[in-house]
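Morning, everyone. Please look at the model on the screen while I walk through a few of its helices.

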Amino acid sequence: MSNSSFIKNTFRNFSSAQPWSADLALLLLRIACAFMLLHGWGKYTDFSDGVADFPDPFHVGPVASKGLTVFAELFCTIFVVIGLFTRFALIPLIICMLVIIFIVHSGDPFGDKESAYIYLLMYLSLLMAGPGKYSVDRMMRRA
């Protein structure tokens, strides 16, 4: 076997993704979303302390704004990580990231909203691809 055919066969094997690898990648992406829990948990534990200074871009009051943010960043993230009602749980998270990027930090440098962009891309990817095979959503469909 020549070197060129060995290289072609090797890359052909790498380029054809196995079905399990796509599902594993979706699981890893959902697990990576768990880092958002740190943001949500921090806001949840000091809910009353920082509520007066919390941004209120839609003028619903800082308590409601912070409550909606905690709901998205904490509770919806839990649903995404375990893969339960994943696409529905992603909608508040996507809205939250859009508000952070385009309203709350609109005039700030890119570095201040970089993590929001990364989370937004992760959430949009999961919204399009779905939770994958290793999720509660998939288990519920089988039952």
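First, a definition for what follows: the expected span of a helix is 1.5 Å times one less than its number of residues. Keep in mind that this is a predicted model.

Start with α4, residues 62-82. This helix has 21 residues. From its first C-alpha to its last, α4 reaches 30 Å, close to the 30 Å expected. There is a bend, though. Where is the kink in α4 centred? On Cys 76, at about 30 degrees.

Cys 76 is also one of the buried residues of α4. The others are Ser 65, Lys 66, Thr 69, Val 70, Ala 72, Glu 73, Leu 74, Thr 77 and Val 80. Note that Lys 66 and Glu 73 are on that list. What do these buried residues pack against? Four helices: α2 (19-32), α3 (36-45), α5 (86-104) and α6 (110-129). After α4 comes Gly 83, with a positive phi near 80 degrees.

Now the pairing of α4 with α5. The two pack at an angle of about 145 degrees, and their axes are 9 Å apart. Their crossing is left-handed. On the α4 side, the contact is made by Thr 69, Phe 71, Ala 72, Glu 73, Cys 76, Thr 77, Phe 79 and Val 80. On the α5 side, it is Thr 86, Ala 89, Leu 90, Pro 92, Leu 93, Cys 96, Met 97 and Ile 100. So the kink centre, Cys 76, is among the α4 residues that touch α5.

Next, α5 with α6. Their axes come within 9 Å and cross at roughly 150 degrees. Why call α5 roughly antiparallel to α6? Because the crossing is roughly 150 degrees, and angles over 145 count as roughly antiparallel. α5 passes α6 in a left-handed crossing. From α5, the contact includes Arg 87, Leu 90, Leu 93, Met 97 and Ile 101. From α6, it includes Lys 113, Ala 116, Tyr 119, Leu 120 and Tyr 123. Leu 90, Leu 93 and Met 97 of α5 contact α6, and they contact α4 as well.

On to α6 itself. Its 20 residues should span 28 Å at 1.5 Å a residue, and its end C-alpha atoms are 27 Å apart, which agrees. Buried in α6 are Lys 113, Ala 116, Tyr 119, Leu 120, Met 122, Tyr 123 and Leu 126. The cover over them includes α2, α3, α4 and α5. Gly 130 follows α6, and its phi is positive, near 90 degrees.

Two more residues in α6. Glu 114 is found in this helix, and so is Ser 115. Is Glu 114 buried or partly exposed? Partly exposed, because its relative accessibility is 39%, and the buried class stops at under 20%. Ser 115 also counts as partly exposed, at 39%. The C-alpha of Glu 114 is 8.6 Å from that of Ile 101, 13 residues apart along the chain. For Ser 115 and Met 97, the C-alpha separation is 9.2 Å, across 18 residues of chain.

Last, a loop residue. Pro 57 lies between α3 and α4. At 26% relative accessibility, Pro 57 counts as partly exposed. Which residues does Pro 57 contact, leaving aside neighbours within four places in sequence? Ser 65, Val 99, Ile 103 and Val 104. Of these, Ser 65 is buried in α4. Val 99 is 42 residues from Pro 57 in sequence, yet 8.0 Å away in space, C-alpha to C-alpha.

Conventions
Residues are numbered from 1 along each chain as its sequence is written. This is a predicted model: local features need pLDDT of at least 70, side-chain atom pairs count only at pLDDT 80 or more; totals for chains, interfaces and linings use all residues. Side-chain values use heavy atoms; hydrogens and water are left out. The bend at a residue is the angle between axes fitted to the seven residues ending there and the seven starting there. Buried means under 20% relative accessible area, exposed over 50%, partly exposed in between (1.4 Å probe, protein chains only). Contact means heavy atoms within 4.5 Å. Axes are lines fitted to C-alpha atoms, for helices over the stretch in contact, and angles run from 0 to 180 degrees between N-to-C directions. A crossing is left-handed if the near helix is turned anticlockwise from the far one by less than a right angle, and right-handed if clockwise.
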